Amino acid sequence: MATPVGRIEKEFLFKIMYEEKLNIMHIKEGEEYTFVLDSPAGDELIFRPEKPVEKIFKVKSSMDMLFNYKGQVIEFAAVILSHKDGNVICKSPDIIYKNLDRNFLRVDTPSDIKIIFTFKGDRYNLSFPKITEYEDILSGDIFRNFDPRNLSGLIKQITAALNHLADGFKIVNFKEKKPETTEERVVSETGKTLFLPSTLGVFPKTDPYPRKRIITEEIFKRYLESTGVSPHYLDENCARFIKNKFNDGIYSDAWVPILFHEYVVGYIHFWIDKEGKLPFDFSVLDTVYSHSKVLAFSLKENGYFEHGKMAHEAFEGKVLDISASGLLFAYPHGSHLAATLLVDSELTVLIEAPKRTVNVVARIVRRYRDKSANYFGCRFTNMAPEDTRFLFEHLYGRQIDDSDSSFLSGQV
């Protein structure tokens with residue numbers, strides 16, 4: 001993952017860039033431009049191009065620059081201040097990035113390309129609590145012991161399993177009951193599991209799952225702050241919350257959300273209230289999490305969310321840059337569409353170029369926003385080799401060679 005470098009490392013890299021006359025690359029409209037740093041870096045960077053560029057790169061425009069130092073790919077954006085004696089004078093960037101997952105720059109979208117997006121799969125507008133992540137609902141090995149079309153039979157299977165795992169449980173649907181208790185609110189607002197292995201202990205400090213799904217102590221404290229609890233009393237409130245459960249005879253406790261796309265449709269609460277029994281561990285949590293996914297899928301298969309299904313509509317975001325492995329696009333604030341563009345959701349992307357049309361699936365891998373728009377970084381998935389080759393050559397103005405093999409399996 002690309003990470004910003006600190007001030008001292010940035011100064012070192014610019015020093016190396018100048019002293020070793022490293023080639024710095026920029027790509028525009030399918031053509032590659034190479035520069036070297038002509039003077040030591042200061043508030044300004046003076047680049048000497050290998051060919052005249054004054055008529056191509058305008059003052060106040062920004063150039064995405066990339067260079068390679070000992071196998072490490074470094075990237076930064078430089079705003080052009082002026083041209084002098086054939087050199088390009090740029091403002092020194094505040095931030096430069098290293099550890100890029102690609103070997104080539106994302107480039108400005110060529111003027112002869114048109115890009116159209118459509119949601120892959122179904123989209124819904126539902127009245128359940130909504131989170132900012134997307135939960136994929138797919139069948140697979142997880143469903144081999146269940147018939148998702150038989151909802152009543154599935155619930156009997158799940159309740160039988162819960163009776164074996166816990167002393168008590170309940171399955172709650174937020175369609176019939178809106179979040180009211182602290183547990184319900186924190187689960188519905190985060191989409192994560194409230195897990196207290198022992199009410200003689202504390203909240204989990206860390207989350208062991210690659211895709212985070214546990215309410216850690218830090219997350220619970222952030223929730224408390226959002227309700228108006230002073231930072232000075234967070235520890236006290238956390239301790240009291242857990243102690244009250246122990247006083248109520250609950251010795252191990254878990255609340256697992258039932259997730260459907262970006263919605264929390266309910267939860268499965270299960271607990272131990274008999275002394276001397278072993279507390280819940282992560283294997284129990286994994287089992288109930290699987291049950292929650294099966295239940296969500298079964299609700300979908302039985303038409304439970306059908307009333308909220310939205311029509312498929314193509315849209316054009318403002319594509320800011322693109323590579324052969326992904327793209328970054330912007331979409332305005334204030335639209336329901338932007339709110340449904342979540343990390344891990346997938347889009348069908350149609351790339352229309354003069355000589356070829358490319359159809360590819362793109363997964364949203366990150367999103368952020370500023371005052372002007374929402375931004376979505378997407379990674380292409382399972383692109384046909386001939387489409388990858390075409391897009392590479394169209395963007396970079398040259399054919400793929402053996403040195404590009406690592407790039408072709410890279411990331412956006």
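Q: Is Thr193 buried or exposed?
A: This is a predicted model, in which local features need pLDDT of at least 70 and side-chain atom pairs count only at pLDDT 80 or more, while totals for chains, interfaces and linings use all residues. Residues are numbered from 1 along each chain as its sequence is written, and side-chain values use heavy atoms, with hydrogens and water left out. Thr193 lies in the loop between α3 (182-190) and β12 (194-196), where helices (H or I, at least four residues) and strands (E, at least two) are DSSP runs numbered from the N terminus. Its relative accessibility is 3%, and because buried means under 20% relative accessible area, exposed over 50% and partly exposed in between (1.4 Å probe, protein chains only), Thr193 counts as buried.

Q: Which residue of β7 is the bridge partner of Ile80?
A: Strand β6 (residues 72-84) pairs with β7 in the antiparallel sense over five bridges, pairing being assigned if DSSP finds at least two bridges between two strands. In the hairpin of these strands, with two residues between them, Asp85 takes a positive phi near 50°. The bridge partner of Ile80 in β7 is Cys90.

Q: What is the order of the strands in the six-stranded open sheet?
A: The pairing in this sheet is antiparallel, and β16 (residues 346-353) joins β17 (residues 356-369) over eight bridges, with Leu347 opposite Ala362. The order is β9-β16-β17-β18-β15-β14.
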